[in-house]
Amino acid sequence: MLQQIKSYIKFLFHSKNEHGVHSPFVFDLVTKCFYDKTKFPEYSHLKNNSKRARLFFRIIRYFKPKTILEIENPTELDTNLFSSEITSIEEFQKNKISKNDNAYDLVYFNKNQSQKSTLEYFEMLLPTVTNDSVWIINDIHESIENENTWEIIKKHYKVKVTIDTFHFGMVFFRAEQEKEHFVIRV
């Protein structure tokens, strides 16, 4: 718990809102999705109508993924409110990923996993990446191990843009963009 408090204070010190963002792609995401104040009627249908669940709803609404892969515990994403095709993979199904040639528009690393397991999934899924892929990695500041995993992912040569929202990180592979890392208060 003390580690999370330290991480959160560090996050607050480094985080910005839309005024500190100079990337048009990230600026649009922050202003049109993260900070969207619309009271969508679908919020009342969310399994868990928390701030976080509403943010995930807006992210899916914003990116409109046709295919979603959720790794572990299919509980957080209320994709039943969208026309997305969702696949859930649990630990015992991990070997299916490498045999699957599908490109996923959105990949959600839901469960707080070990560094080894998260990085294995990351490497296995890299062949499925497209220029518009969105990956969300949960609990990036939950532990020192998770923070170290996040740092490794941010440095990967295929990763172009990352956004740290404290509770989760977003990863983008946009070839046309310079490598940048953002820390955004949501």
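1. Start with strand S4, since both of its faces are covered. Val134, Ile136 and Asn138 sit on one side, Trp135 and Ile137 on the other, and all of them are buried. Put as a count, 5 of the 5 residues of S4 are buried. The split into two sets fits a general rule: in a regular strand the side chains alternate between the two faces of the sheet. Bear in mind while reading on that this is a predicted model.

2. Who are the neighbours of S4? On one hand there is S3, which runs parallel to S4 and is joined to it by 4 bridges. If you want a residue pair to click on, take Tyr108, whose bridge partner in S4 is Ile136. On the other hand there is S6, which runs antiparallel to S4 and is joined to it by 5 bridges. Here Val134 is a handy marker, with Phe172 as its bridge partner in S6.

3. Now zoom out to the whole sheet. It is an open one with 7 strands, ordered S2-S1-S3-S4-S6-S5-S7, and the pairing is mixed. Which strands lie at the edges? Those are S2 (85–89) and S7 (180–183), each of which pairs on one side only. From one strand to the next, the twist averages 15°.

4. Helix H3 (residues 51–63) packs on this sheet. H3 touches S1, S3, S4 (134–138) and S6 (168–172), and its direction makes about 10° with that of S6. Two of the strands under H3, S1 (residues 67–71) and S3 (residues 106–109), pair with each other in the parallel sense over 4 bridges. Within that pairing, Ile71 has Phe109 of S3 as its bridge partner.

5. Phe109 also leads to another residue worth a look, Phe122, which belongs to helix H5 (residues 115–125). Buried or exposed, where does Phe122 fall? Its relative accessible area is 2%, so Phe122 is buried. Leaving aside residues up to four places away in sequence, Phe122 touches Phe109, Trp135, Ile153, His156 and Val159. Trp135 is one of the buried S4 residues from point 1. Between Phe122 and Phe109 there are 9.1 Å from C-alpha to C-alpha, with 13 residues of separation in sequence.

6. On to the charged pairs. In general, side chains of opposite charge can pair when their charged atoms come close. The model has 4 salt bridges by the rule used here, and three within helices are described next. In helix H5, Lys116 pairs with Glu120, with 3.0 Å between the closest N and O atoms. The two are 4 residues apart, about one turn of the helix. Lys116 is exposed because its relative accessibility is 61%, while Glu120, at 29%, is partly exposed.

7. Helix H2 (residues 24–34) has a similar story to check. Lys32 forms a salt bridge with Asp28, and the closest N and O atoms are 3.9 Å apart. That value falls within the 4 Å limit, so the pair counts. Why are Lys32 and Asp28 about one helical turn apart? Because they are 4 residues apart in H2. Lys32 is exposed at 52% relative accessible area, and Asp28 is partly exposed at 28%.

8. Lys154 is the one to look at twice. In helix H6 (residues 144–155), Lys154 and Glu151 lie 3 residues apart, about one turn of the helix. Their salt bridge has its closest N and O atoms 3.1 Å apart. With a relative accessible area of 16%, Lys154 comes under the 20% cut-off and so counts as buried. Its partner Glu151 is partly exposed, at 32%.

9. What forms the nonpolar patch on the surface? Leu2, Ile5 and Ile9 do, with about 310 Å² of accessible area together. Leu2 is in helix H1 (residues 2–14), and it counts as exposed because its relative accessibility is 56%.

10. Last, the overall bookkeeping. The chain has 6 helices and 7 strands, running α-α-α-β-β-α-β-α-β-α-β-β-β from the N terminus on. Of its 186 residues, 47% count as buried. Among contacts with a separation of 6 or more, 64% come from residues 24 or more positions apart. The accessible surface comes to about 10,000 Å², and carbon and sulfur atoms hold 53% of that.

Note on methods:
Residues numbered from 1 in each chain as written. Predicted model: local features only at pLDDT ≥ 70, side-chain atom pairs only at ≥ 80, totals over all residues. Heavy atoms only, no water. Patch = residues over 30% accessible without salt bridge, like charges linked within 9 Å, V, L, I, M, F, W, Y side chains within 5 Å. Areas by Shrake-Rupley, 256 points an atom, 1.4 Å probe, with all protein chains shown as cover. Salt bridge = Lys/Arg side-chain N within 4 Å of Asp/Glu carboxyl O. Buried < 20%, exposed > 50% of the residue type's maximum accessible area, 1.4 Å probe, protein only. Pairing = 2+ DSSP bridges. Axes fitted to C-alpha atoms, helices over the stretch in contact; angles between N-to-C directions. Contact = heavy atoms within 4.5 Å.
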